[in-house]
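Colleague: I would like to go through this protein and ask how each label was earned. Please set each value against its cut-off.

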Amino acid sequence: MTTIRQQDFIDSIADSLQYISYYHPADYIKALGDAYEREQSAAAKDAIAQILTNSRMCAEGHRPICQDTGIVCAFVKVGMDVKWADVTMSIQDMVNEGVRQAYNHPDNKLRASVLADPAGARKNTRDNTPAIVHFDLVPGNTVDVSIAAKGGGSENKSKFVMLNPSDSIVDWVLKTVPAMGAGWCPPGMLGIGIGGTAEKAMLLAKQSLMDHIDIQDLIARGPQNRIEELRIELYQKVNALGIGAQGLGGLSTVLDVKILDYPTHAASLPVAMIPNCAATRHVHFEL
């Protein structure tokens with residue numbers, strides 16, 4: 001039986017958020033570097049070069065990749081055989097405390113962007129809490145955490161539609177992406193959730209963005225199911241739109257398209273789409 005102390009969990013949340021504030025995921029940097037080599041547009045190539053240069057400076061100086069340091073979203077899976085020691089807080093409160101410590105770290109203070117009373121006074125909470133926490137109790141003896149800091153620019157471009165079962169998901173995506181403009185700061189990823197109910201589709205879209213970039217490997221080996229076929233089709237057709245890096249045109253609007261699906265009602269086809277920006281801050285760890 002695994003024993004986890006409250007402070008160890010809080011420290012792990014805080015450390016992970018500091019880490020992703022200045023380190024891009026390695027898979028994103030590789031994919032962006034490959035996109036730079038393929039790019040033919042001078043303006044887009046320059047934009048990609050600036051992102052790569054900024055990434056290196058942030059990694060070396062331990063300073064934020066972007067001034068918008070995001071709202072924290074965590075997917076936490078707690079094994080049923082885990083024993084908690086000295087715990088006086090809920091999972092939500094422990095994550096919030098980790099966020100509080102990370103965003104107020106004296107060596108790399110991060111911008112607090114979360115506002116309470118969103119329909120009224122919109123007052124800054126001053127420590128970027130509360131986080132958005134999705135919690136599952138699962139078999140096992142570990143605590144599995146996928147955590148992200150999601151910027152407002154890309155989150156504001158999130159889309160949802162309840163299609164008729166006979167409608168084309170591809171057509172909807174290709175109609176919707178150009179209307180999003182470049183405010184979501186491409187090149188990034190598109191996370192798509194299909195099925196379930198309205199809220200389930202949105203959750204699937206967000207969760208899909210936690211996955212590694214692997215579209216080139218998928219293309220090389222070939223699709224093995226309908227979802228993989230759809231990923232490749234959307235990746236190629238979205239990039240063919242020519243929006244490009246930072247909206248300057250070119251070959252790379254998305255570096256990957258992620259899709260998660262779930263069974264749905266016979267009368268329904270809920271589809272959600274959430275983009276990830278060029279900051280793409282997320283990490284996975286296990287205790």
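Modeller: What follows is a set of questions and answers on a predicted model.

Colleague: Which domains does the protein have, and what separates their centres?

Modeller: The domain assignment gives domain 1 as 3-17 + 66-150 and domain 2 as 152-280. Taken over C-alpha atoms, the centres of domain 1 and domain 2 are 26 Å apart. Nine residues from domain 1 and 13 residues from domain 2 take part in the contact. A residue is counted there when heavy atoms lie within 4.5 Å.

Colleague: What area do domain 1 and domain 2 bury between them?

Modeller: About 790 Å² is buried between domain 1 and domain 2, with 68% of it on carbon and sulfur atoms. There are also four residue pairs in polar contact between domain 1 and domain 2, both residues being at pLDDT 80 or more. On the domain 1 side, β2 (71-79) and β7 (143-150) each supply at least two residues. The most comes from β7, with four residues. By kind, the residues on that side of domain 1 are five nonpolar, two polar and two charged.

Colleague: How many salt bridges are counted between domain 1 and domain 2?

Modeller: The count between the two domains is one salt bridge.

Colleague: What makes K150 and E155 a salt bridge?

Modeller: The closest N and O atoms of K150 and E155 are 3.1 Å apart. The cut-off is a side-chain nitrogen of Lys or Arg within 4 Å of a carboxyl oxygen of Asp or Glu, so the pair qualifies.

Colleague: Why can such side chains pair at all?

Modeller: Side chains of opposite charge can pair when their charged atoms come close. By this rule the count comes to 16 salt bridges.

Colleague: Why is the pair E97 and R100 described as about one helical turn apart?

Modeller: E97 and R100 both lie in helix α4 (residues 91-103) and are three residues apart, so about one helical turn separates them. The closest N and O atoms of E97 and R100 are 2.6 Å apart, and the pair forms a salt bridge.

Colleague: Are E97 and R100 buried or exposed, or in between?

Modeller: E97 has 21% relative accessibility, and R100 has 30%. Buried means under 20% and exposed means over 50%, with partly exposed in between. E97 therefore counts as partly exposed, and R100 likewise counts as partly exposed.

Colleague: What can be said of E229 and R226?

Modeller: The side chains of E229 and R226 meet in a salt bridge at 3.6 Å, N to O. E229 and R226 lie in helix α9, three residues apart, about one turn of the helix. With 40% for E229 and 48% for R226, the cut-off of over 50% for exposed is not reached, so each is called partly exposed.

Colleague: How do you know that K258 and D211 form a salt bridge?

Modeller: The closest N and O atoms of K258 and D211 are 3.9 Å apart. The limit is within 4 Å, so the pair is counted. This pair links distant parts of the chain: K258 is in strand β10 (residues 254-262), while D211 is in the loop between α7 (198-208) and α8 (215-221), 47 residues apart.

Colleague: Why is K258 called buried, and D211 partly exposed?

Modeller: K258 has a relative accessible area of 2%, and buried means under 20%, so K258 is buried. D211 has 39%, which lies between the two cut-offs, so D211 is partly exposed.

Colleague: What else does K258 meet?

Modeller: The side chain of K258 makes a polar contact with the side chain of D256 at 3.1 Å. A polar contact needs a pair of N or O atoms within 3.5 Å. Not counting residues up to four places away in sequence, K258 touches several residues, including M189, L190, H212 and R231. D211, D214, R231, D256 and K258 are linked in a network of salt bridges.

Colleague: Where is I227, and why is I227 called partly exposed?

Modeller: I227 is found in helix α9 (residues 226-239). Its relative accessibility is 22%, and buried means under 20%, so I227 counts as partly exposed. Leaving aside neighbours within four places in sequence, I227 is in contact with I259 and D261. From C-alpha to C-alpha, I227 and K258 are 9.2 Å apart in space and 31 residues apart in sequence.

Technical notes. Residues numbered from 1 in each chain as written. Predicted model: local features only at pLDDT ≥ 70, side-chain atom pairs only at ≥ 80, totals over all residues. Heavy atoms only, no water. Domains from an automatic or database assignment. Buried area = accessible area lost by both parts, 1.4 Å probe. Polar contact = N/O pair within 3.5 Å; in protein donor to acceptor, adjacent residues only side chain to side chain. Nonpolar A, V, L, I, M, F, W, Y, C, P; charged D, E, K, R; others polar. Buried < 20%, exposed > 50% of the residue type's maximum accessible area, 1.4 Å probe, protein only.
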